[in-house]
Amino acid sequence: MASIDLQNKTDTPALPRAWIPYGLRPWQALLWVIGLSVLGVFIIWALASNARLFFTTLLNSLTLAGLYFLVASGFTLVFGLMRNVNLAHGSLYLLGAYCGWVAGEHTGSWTIAVIVGFLVAALTGLLLQLLVFRFMQGQDLRQTLVTIGISIVIADIMLWIWGAEIYTFSPPRWMFGSVALPLVEAYPTYRLLLMVGAISIGLLLWLFLARTRIGMMIRAGVDDRAMLAAAGVNVQLVFAITFAVGAGLAGLGGVIGGSALSISPGEDTRYLLASLMVVIVGGMGSVPGAAIGAILIATAEQYGQAYAPTYGIVFTFVIMAAALAFRPQGLLGRK
């Protein structure tokens, strides 16, 4: 009888938590309820006051999320999967954009600009892996300090070469124009194509990591590099290719982002910060997590600028702080 009583006493503390979904604590569940209630009230008020502004901002959020995802997907490969802290990732974005602009101006082809932006950033990333990260594996602090210095040097070189002017791309004619949509009436065709392109690249990247032999090697090398090397795989070659692909995606995002917005000094810091927030919110090493994180960060930024310009940037940091408080490994990240 005594053992039965002890068992009952042991089980009783778990009973009050049985009704809480996903193992949330009562105060966490209360915060979720409050947050969703505030969000619901805001949506109802925004639709009632100006439905066109609400849906236009929603489309702007999705297109910006596509751009953030393009840049952050490369960052999640390098930072999330390979555990390399590359704070020069934003510089690769801007370098690819500038080099793509030069190629586009000399050839008159936007497609060549995209290819050159990808290749230049990929080659620079490959050099970083071979000359820097190869000798600092697992040394996070050294990687952070060294890549901050590299980003400053690259930014100054780009400022010296291209100056402080603002550059823009000229996409092909078939990308110009607008598409008639309900409530919004007309929306730029290029921005819609940006969303489609980001989704396509995200699916290809996920298939590359989850369904190909090289993707399996990358994931295995992160978990146990020594075992992968013992199996006869050239780990340095696999990681160099991964780093080049991640850096190339940043350069690709630079050309595409420069076509949708513009190219100017300071954009490297902006997209590095955005990539960090996307990876923190979505989860390191998760491509679907990067997509979700990009949507959340871009939505908070766009709606903040539309409805509360003074405090717009605060909302993105609130989302990041909430992710760190409730799920430090990110929404889809592994513990």
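**Aromatic pairs and a hairpin**

Trainee: Why is Tyr307 called partly exposed?

Mentor: Tyr307 has a relative accessibility of 22%. Buried would need a value under 20%, and exposed a value over 50%. The 22% of Tyr307 lies in between, so this residue counts as partly exposed. The model is predicted.

Trainee: How many aromatic pairs does a search of the whole structure find?

Mentor: The search finds 14 aromatic pairs. One of them joins Phe42 and Tyr303.

Trainee: What makes the pair of Phe42 and Tyr303 edge-to-face?

Mentor: The ring centres are 6.1 Å apart, and the limit for a pair is 6.5 Å. The planes stand at 85 degrees to each other. An angle over 60 degrees counts as edge-to-face, so the term applies to Phe42 and Tyr303.

Trainee: How do you know that this pair links distant parts of the chain?

Mentor: Phe42 belongs to helix α2 (residues 26-49) and Tyr303 to helix α12 (residues 287-307), and the two are 261 residues apart.

Trainee: Are Phe42 and Tyr303 buried or exposed?

Mentor: Phe42 has a relative accessible area of 25%. That value falls between 20% and 50%, so Phe42 is partly exposed. Tyr303 is at 10%, which is under 20%, so Tyr303 counts as buried.

Trainee: Why is the pair of Tyr303 and Tyr307 called stacked?

Mentor: Their planes differ by 10 degrees, with 6.0 Å from centre to centre. Stacked requires under 30 degrees, and therefore the name fits Tyr303 and Tyr307. Both residues lie in helix α12, 4 residues apart, about one turn of the helix.

Trainee: Which residues do ring pairs link into a cluster with Tyr303 and Tyr307?

Mentor: Phe42, Trp45, Phe54 and Phe55 are linked with them.

Trainee: How do you know that strands β1 and β2 pair?

Mentor: Strand β1 (residues 178-181) and strand β2 (residues 185-188) are joined by 4 bridges. At least two are required, so the strands pair, and they run antiparallel. Val179 has Tyr187 of β2 as its bridge partner, and Ser178 stands opposite Pro188. The two strands form a hairpin with 3 residues between them. In the turn, Leu183 has a positive phi of about 70 degrees.

Key:
Residues numbered from 1 in each chain as written. Predicted model: local features only at pLDDT ≥ 70, side-chain atom pairs only at ≥ 80, totals over all residues. Heavy atoms only, no water. Buried < 20%, exposed > 50% of the residue type's maximum accessible area, 1.4 Å probe, protein only.
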